[in-house]
Amino acid sequence: MISEQLEKNKERYLEELLELLKIPSVSADPEYTQAMIEAASFIESKLRDAGADNVSIFETDGYPIVYGEKLIDASKPTVLVYGHYDVQPPDPIELWESPPFDPVIKDEKIYARGACDDKGQLYMHIKAFEIMMSNNALPCNVKFMFEGEEEVGSEHLEEFVKEHTGMLNSDVVLISDSSMIANDTPSITTGLRGLSYVEVTVTGPNRDLHSGVYGGAVANPVNILCKMIASLHDENGKVTVKGFYDPVADVSQDERSRMAKAPFNLEKYMNELGIDDVHGESGFSTLERTSIRPTLDVNGIWGGYTGEGAKTVLPSKAHAKISMRLVPDQSSKEITELFAKHFKNLAPPYVKVEVRDMHGGEPAVTPTDSVSYKAASRAMETTFGKVPIPLRNGGSIPIVEMFERILKIKTVLMGFGLDSDAIHSPNEHFGLFNYYKGIETIPYFFKYYAEMSED
Ligand code: BES
Ligand code: MN
Ligand code: MN
């Protein structure tokens, strides 16, 4: 019945998503504030059309949160669906083969900023809900909460969740904002990394200097910053920040050997990225390095003259944005503090160093022995014809830990994207297969979850 419904309405489901993708809801840039509001109200009206009750937009000190619900029976369990309607900035725009906010379908994929992360995956839930409603087949209660600040650290979300514990109270959270291994190898995400994000500034002389007149006698902050950054990893690829690994919880041999069995083609991985070899912490596989191990990366570095041609200058300041991906039981606040202390200690006396805390998020692991995991597994097995593999992902979704800490609710991460979908990169895309598969699978999750909760 689901697949019939899907077949009949495919075109419309796609058209609607394309409309949403045209709205440039970039949360990082205040230029796009109007688009953020437009995206929120688009979702509000689609949620209402699909049959949700009490649909409303909640203002926050940041961007609004869209909420809606369908409560059919207090004796039935309640699923809280979360997603985010904000997207990453499209830059570098010149590398897009088609405009980021003018979606096109090419090779059975939707190309647009947010196609996969997370508008495409968010919208699957609205359409799956619409199908269940129109078939009179919603088997339990559902609540929807869609935020607009995920890509900038979900800064105002904690307060919102704390102020609306009653409204949000549910039995499980369902999120589609992660990836699976491959279209023929479904997986369920069982963990996410946390994040500490800082901006560092190294200051030398009080103004930019002539690099001939002063060069050699005054420390160059860009040179110094590079040296400091280079020292943040040792020859084994380990992060040298003191105490960085102390809280890291051991991952069971069982989980590691399960990961080792997950299909992963290193050759293909390298080819797709145009690299001749991978690089990381020794003693760990690529899959482990991107999921169960913490990292430190420079996201951007600047200072001095970067314009056309050559200008001889000894810059006054150098800057870098540095992120650390965290794993259980590292805490974002603690790691940021450890980093700040370590980095300031690295500074030689001839420069000043500042470390500014940007934002963070806590790591999370989700259970594989819960009713909700089993329901997700059965749902994917039904539609993919294969039992999904449990696997941790490397990205971060701060709300997962918040829901667990504040509301005491566990999450199921049933994502339908692929790592190769180029999220946050130019030419982000989402397979039509994935979009429709998501819409088809979600109602089965509700069905099995409601049934299995009764036993
Ligand atoms: N959807 C991603 C996170 C993700 C990607 C999880 C792939 C699993 C697989 C999310 O939108 C994201 O990009 N999060 C940010 C978090 C941050 C800004 C606090 C991230 O991971 O960089
Ligand atoms: Mn996302
Ligand atoms: Mn993202």
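## The bridged manganese pair

In this predicted model, the manganese ion (ligand 2) and the manganese ion (ligand 3) lie 3.6 Å apart and are bridged by aspartate 117. Aspartate 117 sits in the loop between strand 5 (109-111) and helix 3 (119-134). Aspartate 177, in the loop between strand 7 (172-175) and strand 8 (179-180), is 60 residues away from aspartate 117, and the pair links distant parts of the chain.

## Manganese ion, ligand 2

His84 (NE2), Asp117 (OD) and Asp177, which is listed twice through OD, are the protein donors of the manganese ion (ligand 2). Their distances from this ion run from 2.0 to 2.4 Å. Along the chain the donors follow the spacing H-x32-D-x59-D.

The manganese ion (ligand 2) has six donor atoms, with angles of 56 to 164 degrees among them, and its site is irregular. An octahedral site would need opposite donors over 155 degrees apart and all other angles between 65 and 115, so an angle of 56 degrees falls outside that range.

## Manganese ion, ligand 3

For the manganese ion (ligand 3), the protein donors are Asp117 (OD), Glu151, listed twice through OE, and His424 (NE2). They lie 2.0 to 2.5 Å from this ion. The donor residues are spaced D-x33-E-x272-H in sequence. Here the pair of aspartate 117 and glutamate 151 also links distant parts of the chain, the two being 34 residues apart. Glutamate 151 is in the loop between strand 6 (141-147) and helix 4 (157-163).

The site of the manganese ion (ligand 3) is irregular too, with angles of 56 to 156 degrees among its six donor atoms.

## Contacts of ligand 1

Two residues that donate to the metals also have side chains facing ligand 1 at polar contact distance. An N or O atom in the side chain of aspartate 117 is 3.0 Å from an oxygen atom of ligand 1. For histidine 424 the corresponding distance to an oxygen atom of ligand 1 is 2.8 Å. The side chain of arginine 325 likewise places an N or O atom 2.8 Å from an oxygen atom of ligand 1. The protein covers 91% of the 520 Å² of accessible area that ligand 1 has on its own.

## The shell around ligand 1

There are 18 residues around ligand 1, and those that come nearest are Glu150, Asp177, Arg325, Ser396 and His424. By class, the shell holds four nonpolar, nine polar and five charged residues.

Ligand 1 lies between two domains, because domain 1 (2-192 + 363-454) and domain 2 (194-248 + 294-361) both give residues to its shell.

Conventions
Residues are numbered from 1 along each chain as its sequence is written. Chains are lettered from A and ligands numbered from 1 in the order in which they are written. This is a predicted model: local features need pLDDT of at least 70, side-chain atom pairs count only at pLDDT 80 or more; totals for chains, interfaces and linings use all residues. Side-chain values use heavy atoms; hydrogens and water are left out. A residue is near a molecule or strand if one of its heavy atoms lies within 4 Å of it. A polar contact is a pair of N or O atoms within 3.5 Å; within protein, one must be able to donate a hydrogen and the other to accept it, and residues adjacent in sequence count only if both atoms are side-chain atoms. Accessible areas come from the Shrake-Rupley method with a 1.4 Å probe; for residues, only the protein chains shown count as cover. Ala, Val, Leu, Ile, Met, Phe, Trp, Tyr, Cys and Pro count as nonpolar, Asp, Glu, Lys and Arg as charged, and the others, Gly among them, as polar. Domain bounds come from an automatic or database domain assignment. Donors are N, O and S atoms within 2.8 Å of the metal (3.2 Å for Na, K and Ca); water is not among the atoms, so sites may look incomplete. Four donors count as tetrahedral if all angles lie between 85 and 135 degrees; four count as square planar and six as octahedral if opposite donors are over 155 degrees apart and all others between 65 and 115; anything else is irregular. Helices (H or I, at least four residues) and strands (E, at least two) are DSSP runs, numbered from the N terminus.
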